[in-house]
Amino acid sequence: PRQVRDTPCGSRADVKPLDPTSQPSLWLQRSPGPPRPAARDGESADVLVLGGGMTGVACAHALAGAGLSVLLLEAGTIGCAATARNVGFVLEGVAESYVRTVSLWGQETARRARRFTVQNHAAIEALVASEGIPCGHARRGSIHLAGTPVEEAELREGTDALLRDGFAAEFVPREQLPAWAQPSYLCGQVIPGDGELDPVAFVLGIAAAAERRGARLREHSEAIELRADGDGVRARLRDGGSVSASAAVVATNAYAGRLVPWLTSRIDPTRGQVLATGPIAERLFPQPIYASHGFEYWRQLDSGEIIMGGWRNLDIDSEVGDDHALHGPIQQKMEAFLRGLHPAIAAAPIVARWSGIMGFSRDSLPIVGPLPGSPTTFLCAGFTGHGFGFAIRAAEVLSDLILTGTHPDADLFDPRRLA
């Protein structure tokens, strides 16, 4: 398996366009949402939320809960883009290891950002319970596997640093790893608080809760322009109509630069490949697996399917941009690697393949707060592949900023840090 993983892939010619509707993710197949109407020309609200993925829906839920009238526009259907195209992890921290974040940001910022993700998971858990969302949420912990000596040293040092800073973590030497992992990986780090869920089922549950609070969610309603309009904002729709509000929230993550040019140099659209097997009777992977600096990740569902994603490091230059496409060689190498992990997987059918577009910020932290120079436009984007680690609490931060102009964690994500 390791030899398969380390072989570079081909060129951009191997990247084929993919119509997202022609090959939906396993999550979309399992949890189709109810249809919602399109926006009507002239609709208005206190706050206009652009984007109907997890972030936008969470913002609508938080803002409607604070008593504001909310109109949300989604170009496709609720939760159909990046929300539906990940593997359903709920992890502490960011894409970088804790050691690297301390080096990049300093200890205090690294500790605060990680604490924020711990609180975000608690917020997810509370919403699942209070709203009765059947999304298979479970906390079984995760294991991060090191594929190189450099990563092994990071995990060893990072475990000590996490424990010193008050977080739960356990270092696992190679001889204590599962038998399937020992040929390819040098050690592991268990984070016992991590979890998993069905991302589409979760977001559809939050969407229904937002509607119960009075939010209006509109599908097939793409905003193609956002501009100031008197004391508020106006969004022009692809169908020629427009809607208005006192303030707007841009929650389209990787696509945010289309509406806010300021973000084009601050959020990089980055594609990830994913595949899913049919059910496998044997429980091979009891917890989410995050390996090789986050370039490899997979989990096994309670129903037996294995969902695997990543491997963009094999062709970094091709896995950029905001178009959904399948990268044939990466998909092939993922499949070969997965089949080599255990005999029980060797003959398992591949039942779905898809890709998703992530929005990578320049420092791996989300961008949450007012757009510099525009007090009525707010940003909530740039989650760098860890939206389920940040978005619910980020929506709370944004709601407080719109209502009161302040939040204790607002400085962590202030867009002006990237100005």
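Helices (H or I, at least four residues) and strands (E, at least two) are DSSP runs, numbered from the N terminus. Just after helix H3, Gly67 takes a positive phi of about 95 degrees.

This is a predicted model, in which local features need pLDDT of at least 70 and side-chain atom pairs count only at pLDDT 80 or more, while totals for chains, interfaces and linings use all residues. Residues are numbered from 1 along each chain as its sequence is written, and side-chain values use heavy atoms, with hydrogens and water left out.

**Exercise 1. Helix H3**

Task: Find out what H3 should span, and whether its residues are mostly covered or not.

Solution:
- Step 1. The expected span of a helix is 1.5 Å times one less than its number of residues.
- Step 2. For the 12 residues of H3 that gives 16 Å, and the end C-alpha atoms are 16 Å apart, so the two values agree.
- Step 3. Buried means under 20% relative accessible area, exposed over 50%, and partly exposed in between (1.4 Å probe, protein chains only).
- Step 4. H3 is mostly covered, with 11 of its 12 residues buried. Among them are Met54, Cys59, His61 and Leu63.

**Exercise 2. The second largest pocket**

Task: Work out which helix gives the most to the lining of the second largest pocket.

Solution:
- Step 1. On a 1 Å grid over the protein atoms alone, a pocket is an open set of points with protein on both sides within 12 Å along at least five of seven lines; lining residues have an atom within 4 Å of a point.
- Step 2. The lining includes Ala58, His61, Ala123, Leu127, Arg213 and Ile392.
- Step 3. Helices H3 (54-65), H5 (107-131) and H9 (387-404) each supply at least two lining residues. H5 gives the most, with 5 residues.
- Step 4. Now sort the lining by class: Ala, Val, Leu, Ile, Met, Phe, Trp, Tyr, Cys and Pro count as nonpolar, Asp, Glu, Lys and Arg as charged, and the others, Gly among them, as polar. The lining then has 7 nonpolar, 2 polar and 3 charged residues.

**Exercise 3. Aromatic pairs**

Task: Classify the ring pair of Phe89 and Tyr297, then that of Phe202 and Phe388.

Solution:
- Step 1. Rings of Phe, Tyr and Trp (its six-membered ring) pair if their centres lie within 6.5 Å; planes under 30 degrees apart count as stacked, over 60 as edge-to-face and the rest as tilted. This rule gives 11 aromatic pairs.
- Step 2. Phe89 and Tyr297 have ring centres 6.3 Å apart and planes at 70 degrees, so this pair is edge-to-face.
- Step 3. Phe89 lies in strand E4 and Tyr297 in strand E15, so the pair ties together parts that are 208 residues apart in sequence. Phe89 is buried at 11% relative accessible area, and Tyr297 is buried at 14%.
- Step 4. The rings of Phe202 and Phe388 have centres 6.1 Å apart and planes at 55 degrees, so this pair is tilted.
- Step 5. Phe202 belongs to helix H7 and Phe388 to helix H9, so the pair ties together parts 186 residues apart in sequence. Phe202 is buried, at 0%, and Phe388 is buried too, at 6%.

**Exercise 4. Positive phi away from glycine**

Task: Locate Asn253 and Ser292.

Solution:
- Step 1. Most residues other than glycine have a negative phi.
- Step 2. Asn253 has a positive phi of about 50 degrees although it is not a glycine. Asn253 is in the loop between strands E12 and E13, and counts as buried at 17% relative accessibility.
- Step 3. Ser292 also has a positive phi of about 50 degrees. Ser292 is in the loop between strands E14 and E15, and is buried at 11%.

How values were computed:
On a 1 Å grid over the protein atoms alone, a cavity is a set of points where a 1.4 Å probe fits but cannot get out, and a pocket is an open set with protein on both sides within 12 Å along at least five of seven lines; lining residues have an atom within 4 Å of a point.
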